[in-house]
Amino acid sequence: MTASREKNIADLRLTRRSFIKGCAVAAAALGLSESMVPRLLHFQECTGCTESLLRASHPDIGKLILELISLDYHETVMAAAGYQAEENLRETMKKYQGKYLCVVEGAIPTKDGGVYCKIGGRTAMDILAEVAPGSAAIIAIGSCASFGGLQAAAPNPTGAVGVRELVTGKPIINVPGCPPNPISFLGTVLHYLTFKRLPVTDDQGRPVFAYGRKIHDHCERRAHFDEGRFVEQYGDESHRQGYCLYKVGCKGPATFSNCPAVRFNDVEQWPVSAGHGCIGCTEPGFWDNMTPFEERLPEVKVPLGEGSVGSAVSVGRKVALVTAGAIGLHAASGVVRRLVKGTAKKDEVRED
Amino acid sequence: MRRYEFTKYRAFGPLYRITHWIFAGSCLVLIFTGYYIYNPWFTTMLETGTDDFTVANIRFLHFAAGYIFLGAVTVRVYLWFFGNKQERITDALPINKRNLKNFWGAILNYLYIKFHVPRLGHNALAGTTYLVTFLLSMVMIVSGFYLMFPESASWQHWGLAFFGGQQNARMVHFIIMFYFIFFAMVHIYIAIWNDVMFGEGLVSAIISGSKFLHIKRPEVD
Ligand code: SF4
Ligand code: SF4
């Protein structure tokens, strides 16, 4: 009896997965796919975002390409190569002028005329300048295309920038992350397919449905944070207990993303649940302002000494110590002066 | 034994003195709780399963003290423009000849090089420091609100424009805390030093409002 009851319940239950699948199928049935002809441009990057996207499951990438959208040019997954591929790009650009979505992955180097990234003999800057104006909108997938990412980390040798620095006059959606959660990207695409407009974004062009909240505010370890139970060191008893990772440098309090809510690739895991703090990969310049990843605050350059680098707190402690020392010295010299010269004479004192 | 003749003058009004002590109290709380938020150093070792919400409560104290500090700053700015002569900001900024002279005079004074008779209000060096402190307080207030309301569209807008992100704002907020520690140390020392050197009753002036000067000052009534 129990078994049959369970079966009944299972039959009635609509899982999140089947719900989203249903939505996707419904969207396809409504014929929403025609307007959607995205072009994926790869620039200075590691293809991690595509790797992440290939592991998407609702809808999976096969469904996305074959049923929902017409993906005419994707340097990693397209069948065409060489001249044929470039031809494809040009063809479809002409055919769907003003209607296609341009998806950019990777940063665009701008130094020395952009020579640090070339595809088919042309620089990334050129390709973007050609493809961007005819698109309906641009989606920058990953932190590199959004904000420059690792390539743009100081000293940024190739002058790498995100799409927003180069393209104006087009709606640009940033879906940052290193890599971004495929759900955030597909959510953006499906939103566009369904409503024919781009989702609401924050000041940095990130869709608020995915980047509207801080990691810290819906992290499963937050109760430990509020209680003051912290991992002091990786591998200690507190770490085994699953306490908050704040003191080993978790950047959840400074990072906007949906990681704790949607997790990754259907394995119901995300970095903090695996025991490492968030490194803030969805924030602009995170290689510069979130490092060292296992410290609370970034290290600041101290202008004292040769290129010495100290943490903010050691700078602060030094300031306090030097102040205390200076006060001591000042007071002592006053005492010595009085011993030598006696109290200030009236004619020594000047009026203001 | 040298004898001075002191005359008691009224220097600071009650509102000015009250805001001073609110600054003192709220800064103490803000520095302590703020440092604790940076590095919560005393709880992990306690038993699990407690219900005291240490970090949450300390954050609450920090926010509450922040609002009180903001209130005191507002009153102080009002007094800078509408307070009595000593309370006005223009009385102690090196923006005229008298105060420029006083500015260098104060430096020579503190270096034990040439002593300088205390005036009824602040000297120009102090006034300049207070202005700097006020500007840094504004940075603290803006970065504080940005950190406290990260999801509010308008704070996000200004926070991004000023600091370029949450983590940078946190960094700025943290480093300026050390200015306030520095300021508190020097401020207390200088006040005591002046009292010892010139017997003007500077320390008690911020409680009673009166200073003692050992010369006749025609401009004071
Ligand atoms: S683990 Fe990180 S995100 Fe989670 S509560 Fe702690 S500091 Fe916040
Ligand atoms: S938890 Fe943080 S570092 Fe990890 S993917 Fe999410 S935003 Fe990036």
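**Cavities, pockets and strand packing in the predicted model**

By class, 9 nonpolar, 2 polar and 2 charged residues make up the lining of the largest cavity. The model analysed here is a predicted one. The largest cavity encloses about 100 Å³ of space, and 13 residues line it, those closest to its centre being A:His216, A:Cys219, A:Cys244, A:Leu245 and A:Cys250. Across the whole structure, the search returned 7 cavities of 30 Å³ or more.

An open site was also examined. The second largest pocket has a volume of about 860 Å³. Its lining comprises 34 residues, of which B:His62, B:Phe63, B:Gly144, B:Leu147 and B:His173 are the closest to the centre. Two or more lining residues come from each of helix 11 (222–227) of chain A and, in chain B, helix 1, helix 2 (54–82), helix 4 (124–148) and helix 6 (166–198). The most is given by helix 2 of chain B, with 7 residues. In terms of residue class, the lining of this pocket divides into 22 nonpolar, 6 polar and 6 charged.

Helix 1 of chain B spans residues 14–38 and includes B:Trp21. With a relative accessibility of 44%, B:Trp21 is classed as partly exposed. Its C-alpha atom is separated by 9.4 Å from that of B:Ala72, although the two residues are 51 positions apart along the chain. In contrast to B:Trp21, which is partly exposed, B:Cys27 is buried, at 17% relative accessibility.

The shell around ligand 2 was considered next. Ligand 2 is surrounded by residues of chain A, namely A:Ile215, A:Thr255, A:Ser257, A:Cys259, A:Phe264, A:Trp270, A:Pro271, A:Cys278, A:Ile279, A:Gly280, A:Cys281 and A:Thr282. Of these residues, 8 are nonpolar and 4 are polar, while no charged residue is present in the shell.

Cysteine residues were then assessed for pairing. Over all chains, 0 disulfides were found. For A:Cys117, the closest cysteine sulfur belongs to A:Cys144 and lies 11 Å away; a bond is therefore excluded, as this separation is too far. A:Cys117 is itself buried, with a relative accessible area of 9%.

In chain A, strand 7 (residues 137–141) pairs with strand 9 and with strand 3. Strand 7 and strand 9 run parallel and are joined by 4 bridges, whereas strand 3 (residues 101–105) pairs with strand 7, also in the parallel sense, over 5 bridges. Individual partners can be assigned within this arrangement. A:Ala140 has A:Asn174 of strand 9 as its bridge partner, and A:Ile141 is matched with A:Val175 of strand 9. On the strand 3 side, A:Glu105 stands opposite A:Ile141.

The burial of strand 7 of chain A is evident on both faces: A:Ala137, A:Ile139 and A:Ile141 are buried on one side, and A:Ile138 and A:Ala140 are buried on the other. Since 5 of the 5 residues of strand 7 are buried, this strand is largely enclosed by the rest of the structure. Strand 9 (residues 172–175) of chain A is likewise covered on both faces, with A:Ile172 and A:Asn174 buried on one side and A:Ile173 and A:Val175 buried on the other. The bridge between A:Ala140 and A:Asn174 thus joins residues that are buried in their respective strands.

Technical notes: Residues numbered from 1 in each chain as written. Chains lettered and ligands numbered in written order. Predicted model: local features only at pLDDT ≥ 70, side-chain atom pairs only at ≥ 80, totals over all residues. Heavy atoms only, no water. Disulfide = S-S within 2.5 Å. Buried < 20%, exposed > 50% of the residue type's maximum accessible area, 1.4 Å probe, protein only. Near = heavy atom within 4 Å. Nonpolar A, V, L, I, M, F, W, Y, C, P; charged D, E, K, R; others polar. 1 Å grid on protein atoms, 1.4 Å probe; cavity = no way out; pocket = protein on both sides within 12 Å on 5 of 7 lines; lining within 4 Å. Points joined across faces, edges and corners; volume = space filled by probe spheres on them. Pairing = 2+ DSSP bridges.
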